[in-house]
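Work through the exercises below with the sequence and the model open. Each task is followed by a solution in steps.

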Amino acid sequence: MKAAYIDEFGGPEAIRFGEMPKPAPRANEVLVRNQIIGIGKPDALVRSGNDPYLASKFPGLIIGNESAGIVEAVGSEVKNIKVGDKVAVLNGTGCGSHAEYSCAGEDFVIHTNNNSCVKFVLCRSREDNFLRPIREVSL
């Protein structure tokens, strides 16, 4: 699959684009075929080295915090999401979404409720460890 990734921390010049292995979902994850990806401040923080732990993921750390698309596969412990569902994802790890496919834990995935793929602005609650839609938006 095609993906944007980094092999070291740095500025925008650190971003590479190329082929990476398609991920497989773990027991509590879903595999999403991304149709839309978001770009924002968390991406710059990850890329610049804000979380030194991520260096252990080099080389080939796929960047990207948010995406939306169609569920292609689900892990054995996933209960509320099924193949074919349209979903939006705010990846809890802060990486992995800037690719054709990405995996995310079920707790970081929200259904979109009509024929458009993305219908929500998502936020992580400081009090809770889950996603919540804060308002609908038009695309």
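**Exercise 1.** Find the residue of strand 6 that stands opposite Ile 70, and follow the strand pairing outward from there.

Step 1. Opposite Ile 70 stands Lys 86, a residue of strand 6. Strands here are DSSP runs of E with at least two residues, helices are runs of H or I with at least four, and both are numbered from the N terminus.

Step 2. Strand 5 (residues 66-74) and strand 6 (residues 86-90) pair antiparallel over 5 bridges; two strands count as paired if DSSP finds at least two bridges between them.

Step 3. Strand 5 also pairs with strand 3 (residues 29-38), again antiparallel, over 8 bridges. Here Val 30 is opposite Val 74.

The model is predicted: local features need pLDDT of at least 70 and side-chain atom pairs pLDDT 80 or more, while totals for chains, interfaces and linings use all residues. Residues are numbered from 1 along each chain as its sequence is written, and side-chain values use heavy atoms, leaving out hydrogens and water.

**Exercise 2.** Give the strand order of the open sheet that has 3 strands, and state which strands stand at its edges.

Step 1. The order is 2-1-4, with antiparallel pairing.

Step 2. Strand 2 (15-19) and strand 4 (61-62) each have a single partner strand, so one side of each has no neighbour in the sheet.

Step 3. Strand 1 (residues 2-6) pairs with strand 4 over 2 bridges. Within this pairing, Tyr 5 has Ile 62 as its bridge partner.

**Exercise 3.** List the salt bridges, and classify each partner as buried, partly exposed or exposed.

Step 1. Apply the rule: a side-chain nitrogen of Lys or Arg within 4 Å of a carboxyl oxygen of Asp or Glu. The count is 3.

Step 2. Apply the burial classes: buried is under 20% relative accessible area, exposed is over 50%, and partly exposed lies in between (1.4 Å probe, protein chains only).

Step 3. Tabulate.

| Pair | Closest N to O | Accessibility |
|---|---|---|
| Lys 2 and Glu 19 | 3.5 Å | Lys 2 partly exposed, 41%; Glu 19 exposed, 54% |
| Arg 33 and Glu 72 | 2.8 Å | Arg 33 partly exposed, 30%; Glu 72 partly exposed, 31% |
| Lys 82 and Asp 85 | 3.0 Å | Lys 82 exposed, 53%; Asp 85 buried, 9% |

**Exercise 4.** Is Glu 106 buried or exposed, and what is the distance to the nearest side chain of opposite charge?

Step 1. Glu 106 sits in the loop between strand 7 (101-105) and strand 8 (109-111).

Step 2. Glu 106 is buried and has no salt bridge; Lys 79, the nearest side chain of opposite charge, is 6.2 Å away. For this search Lys and Arg are positive, Asp and Glu negative, and His and the chain ends are not counted.

Step 3. The backbone nitrogen of Lys 79, however, is 3.3 Å from a polar side-chain atom of Glu 106.

Step 4. Leaving aside residues up to four places away in sequence, Glu 106 touches several residues, including Asn 28, Glu 77 and Ile 81 (contact means heavy atoms within 4.5 Å).

**Exercise 5.** Where does a cis peptide bond occur, and in which loop is Pro 59?

Step 1. The cis bond joins Phe 58 and Pro 59, with omega about -10°.

Step 2. Pro 59 is in the loop between helix 1 (41-48) and strand 4.

Key:
A polar contact is a pair of N or O atoms within 3.5 Å; within protein, one must be able to donate a hydrogen and the other to accept it, and residues adjacent in sequence count only if both atoms are side-chain atoms.
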